[in-house]
Amino acid sequence: MNEISHEPVLQQFPDAEWDEAAGAVIVPLGQARTMAEWLLGHGLDYCSNVTGVDYLEREVKEKITNDAGEVETVTRTEPARIDVVYHLYSMQNKTGPLVLKQRTSRDNAEAESLTPVWRSCDLQEREVFDLFGVNFKGHPDQRRILMWDEFEGHPMRKDYTEPFDYEWEPTPHNEILEKHQKGKVIV
Amino acid sequence: MSTAAAPNYELIQQDGLETNLLEVSMGPHHPSTHGVFRMDVKLDGETVVDLRPVFGYLHRNHEKLAENMSYLSSMPFTDRLDYFNSMTNNWAYALAAEKLIEVEVPERAEYLRVIMAELTRLVNHVTLIGFFINDLGALGTPLLYAFREREKILDLFEQASGARMMCNYFRFGGLRNDVPEGWLKRAGEVVDRFPYFLDEYEQLLCENEIILSRTQGVGNLPRELAISAGVTGPMLRASGVAYDLRKVDQYGIYDRFKFRVPYTEGDTGDCYDRFMIRVLEMRESIGILKQALAGISEGEIMGNAPRVFKPKPAESYGRIEGPKGELGFYLIADGTPKPYRYRVRPPSLINLTVLRDMCLGGKIADAVIILGSIDIVLGEVDR
Amino acid sequence: MNEEISFWILSAIAVLGALVAVRKRNLIHGVFALLVFFAGLSGLFLLLLAEFIAAVQVLVYIGAVGVLLLFAIMLTERVAGDDDRRMISRGWSWGLLAAAAVFVVLLLRPIQQLPSQDAAQPIKPSVEALGHKLINPYVVTLEVLALLLTAALIGAVTAAQGLRMPKEEDSPE
Amino acid sequence: MSILGGGIFKGMAVTLRNFLGSYTNKKERLPTIDYSWRADGALPQGIGDYPKEKGEQLSDTTTVTEYSRNFPMLLHDGGEPMDTVRCVACQICERECPPQCIYIEKDYDENGKYIKRPAVFDIDVSVCMSCQICVEVCPFDAIVMNSQFELSTPDRFGGLLMRRDDLLKSNDYYHKIHPEEAAARDAKIAAEKAAKEAKKKAAAEKARAAAEKKATEAAKEDAK
Amino acid sequence: MSFELLIDILIATVPLMLIFATVFAFTTWLERKALARIQNRIGPNKVGIPCTRIGLFGLGQPTADGIKMIFKENIVPTGADRLFHLLAPILALIPSMLVLCFLPLDFPWLNENSVKAFLLDGAVIFFFAITGLNTLAVFMAGWASRNKYSLLGGMRAVAQMISYEIPLVLSAVIVVMMVGSLDAAEIAGEQKGGNWFVFYPWGFAAFVIFFIAALAETNRSPFDLPEAESEIIAGYFTEYSGFKFALFFLAEYIAMFAISGLAVTLFLGGGDGPGLAVLPWLSVIWFLAKIFALIAVMIWLRGTLPRLRVDQLMGFAWKFMLPLSILNIFVAGFAWHAKQLDSQFIMVITWVISLAVLYGAASGLNQLNRGKVRPREYKYAE
């Protein structure tokens, strides 16, 4: 499998960043759709995987070499964010992957839908919407997919706490139990 | 191209005599939705005018579970994704994790991995064809023949790993244990007998006029749409794209084996193509198995990878050619013993993207066999 | 004696069936009641030793007409009506009058002639005799009827063709 | 031109062959009924009528294959179980267990001193998924897979919760159900022990040598 | 009415019903066993003599099933039409039972009067008239269940039964035409001494058409669309349980016997067979044996074939079976006239021409209907 170079992408879209640690192209805001169409035109016809990654606000300790040439530990705060990750391959050239990331805030998570470019994003973006709460602009059929429609919250977020009982609803059992405790029902 | 790919959620226009549409909810309790899958179908007589898949009845948030336990602990859970093919699921996960911790897999383990994966492919394809013909309405005869042969392979799995379906056999850097004595000989016998069974199976199915007329021209999937929708595996090859990760990625030691990738000549694939591609693929798998069984040598089966480890912060995406399509695992490590992000790219789910496109305008019986030809397992669709 | 008992039982069935068919507002129930009436009628034919007519009654009226009615009902909006509401329709007296008129016109003369029929020899109409009659004296009528039915069939096929959904062009292989 | 319905007739020939074959060639056609095809051939023949007719081997849990696994058990080395139990209640398996079905409490003597054995060791086998992860992570070879499967019980809640004393099995029993694996494990323990002893010995030697050296030095000193 | 006549009628009918009920039980066992063997299973093998361990090859299974069915809960869905839900299985059973009396079975205990009980001039036409009632029962069941799958199954059943009744009747008409009678006994009598109609080209074609249409009429595989479990659960008896379901089951099997019986009467010589001159009652045995042979083929087909789609099913009836059976009538008429000439040479010519015409028409229609459907070739990428 031949790797795809990210350099042409960065040349075409100067606003895009390259995240070396993750090996991913960070898509500049509002350019996801144009970029996706450009990539599709340049042979990346197959979008394998779409997913979200949730990062809470956290403190990162980094060892950097300062000007004096000494190693020192610096603490910096990374803001909370959600990444929507796309793994792109080319079926015609048999190359890949190229990783795209759309970065969005956690509180008002919004990303551009790439479903009109690659159909395979259809169900997977729905899944990201369902589990991470990212709102995809331009998605033709954005509904919950794995959780039921009445479900509240987005379970794949890191700060999600599950309620005591998902499907609790008052049933006759409770009444009977109460009556039983009062001694009204003889079992 | 994007026009071909654009999903269309409009109802089919109906002309002529105006009749009420019959809304049928097929599933989650339906004999042929392969589990708890549900299709909300709108019927005009027997013709499907609208179909919406409904997922989630088997959802257990596998990904969240795996993010809260160590890398090794979620290995048995991968068995339960696509419970027909636990070996290949294990392999995909091991592949992704091995990229993170960078261990070498010993040669014997690589050979055994290939043998197990190809046996799994045989199991999956043979039962899928059985279920597919069952959906066509045969009274389980092909299915039971398939189960008969699967039985022999599952016995091999049991002897090697201790379990028939939930094998939990692969480990990061190798395999859990070596196969017992004489196992390779027994595997060789099963593999040698398999082509005779396939001959019989093909004689039973491939020329049957009813099967031909039921499957040909049903569930057409054009190549453009298949590529755009990320359809993978035999379904993609049935639509005329010779894209097999065993050839493209050459993961493991697949570069050492000689095999061919069958694909359809034309631009569209129908149910018959998907069915036949699987039959032909089984023949190729037998070829690989024979080469692997001949080429395997004695040696270690486990590299020096620890059971519990803390990989450096990194991201990895490991994918293999599972029997149902491209099975990928996307892992993000953050330096703790647990993966920060663990994502499964389920081929069953993504292949379902095109279900609606293929079913519209067909009969209700077609919808059932199209679903059958996609080959889904709900453990993987809903995760 | 036997015949008489059978006659009264069958007549009762037929009349009851007819009444229920008229009174039921649930269309499906009505059709099935009508079929019971047909069955009773067929029994009466059998009692008259008209085997062939009885068979044809079952074959055509119960087998074909009944199913046709059921299919037609399936195309209507409301299949099951409320049985309690409006048990007697407003124009029931007119209906009664019409029924009486039909009865008088059709059956008055045969009933008047009953005593003379009593003496007539009962004939046993066999299928063979019926066949010969159809082919020999009534062959033209038969053929004309056959032609009419064929024309009707072709007309129905043409009508159905016109209503068919415009088919999408056949996909290439 | 092919025969009309030729494919159907071919299919019918296949089914007929299978119909007859199920009487004549059990080995090939009825593999689940006939076990003689297995190379080891060690399968109980009465297995087809299982609850009515228990094959001999089923009752004493001899297993189908060497690696077959059902639910975990705790090993002891014979004698009074709690004296020779290998488990030291380190709780690694409890942490690693994927479905979280193990519960362990450490044992303390009356002085509050930690004795290296579990006071409570529960496995909820209704939750356990027989994955064998606990066996793999155990550094003391204390937990291994049992293959006993007749565990059905009318008690919904307590019956499937295996307590420590239910789980304790002797090493001899382990040798009976998984001979090869048990032998390998024993060999490994022996090797480890030997290595440890060698190390200890070496350490002792070293200490002795040091002491001797010291003594000779002292003697030298004295001599001076 | 004389009391004796009543006794005679009972002598004629009660054993008939008992025999076929027993045979039904045996057939369910046979079917399960044969299908199991076809599918490489062993089938029922446990239920034998109660309280013992004697399995008797599972022959007790039908009894056990029957007892189970009787004691199972009778579930009627909310909103279902309770009356019709109850009536449908009964209405299904009655015609199937009724038509059995048109089969020319010469039971040794029948006397003159009891034979008369069934003696009808137009037995064949009555047979078709009464089996047609099954359609109504099926529709009733489908409609009364208040279930969409049931309704779909009911509609499919009605459409299918009506369509296949036409080739069924048309192929029977050929025999009626050749014999010149609608009387079943007379038709069977015509074929005495191995002169079975199935041995003629027109007879063979008619027999095949009749058999295929009979499969469709009795909802047997590959025409079991009304109860296609992979598409519409169980079709019209989705909502039936317990004894009502058992009645449907019984009706279906009795209908199978009846229609196989008619096929035997029309084409396979009725009770004709060797040894009749010595033991006349052997004819009943032969008759039943032939019925079982046909049922064995039905079971065999069921074990082999998947089912058709609904439009293909209708297409097959109207575009293949109907033209072929009409053509077959002409061929038969031609053969009948040729037979009058009483010449060996003309007979041979007739044979050849009939065979050629029928086979040519069948393959032509086949080509026409199936279009481009054929096995395909695939490419390989290295």
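Select chain B to begin: buried residues (those with 20 or more other C-beta atoms within 10 Å of their own, C-beta atoms being placed from the backbone) make up 63% of its 383 residues. This is a predicted model, in which local features need pLDDT (the predictor's confidence in each residue, from 0 to 100) of at least 70, side-chain atom pairs count only at pLDDT 80 or more, and totals for chains, interfaces and linings use all residues. Residues are numbered from 1 along each chain as its sequence is written, while chains are lettered from A and ligands numbered from 1 in the order in which they are written.

With chain B still selected, colour by secondary structure to find 16 helices and 11 strands, which are DSSP runs numbered from the N terminus (H or I of at least four residues for helices, E of at least two for strands). Along its principal axes, the C-alpha trace of chain B spans about 70 × 50 × 35 Å.

Next select residues 314-322 of chain B, strand β9(B), where 8 of the 9 residues are buried. Add residues 325-333, strand β10(B), which runs antiparallel to β9(B) and is joined to it by 9 bridges; two strands pair if DSSP finds at least two bridges between them. A hairpin of 2 residues connects β9(B) to β10(B), and within the pair B:G318 stands opposite B:F329.

Move to chain C and select residue C:L49, just after helix α2(C), where phi is positive at about 65°.

Finally, colour chain A by pLDDT, which averages 81, with 88% of the residues scoring at least 70. Confidence there is lowest in helix α4 (residues 172-182), at a mean of 69, and highest in helix α3 (residues 121-132), at 89.

Technical notes: Buried ≥ 20, exposed ≤ 12 C-beta atoms within 10 Å, placed from the backbone.
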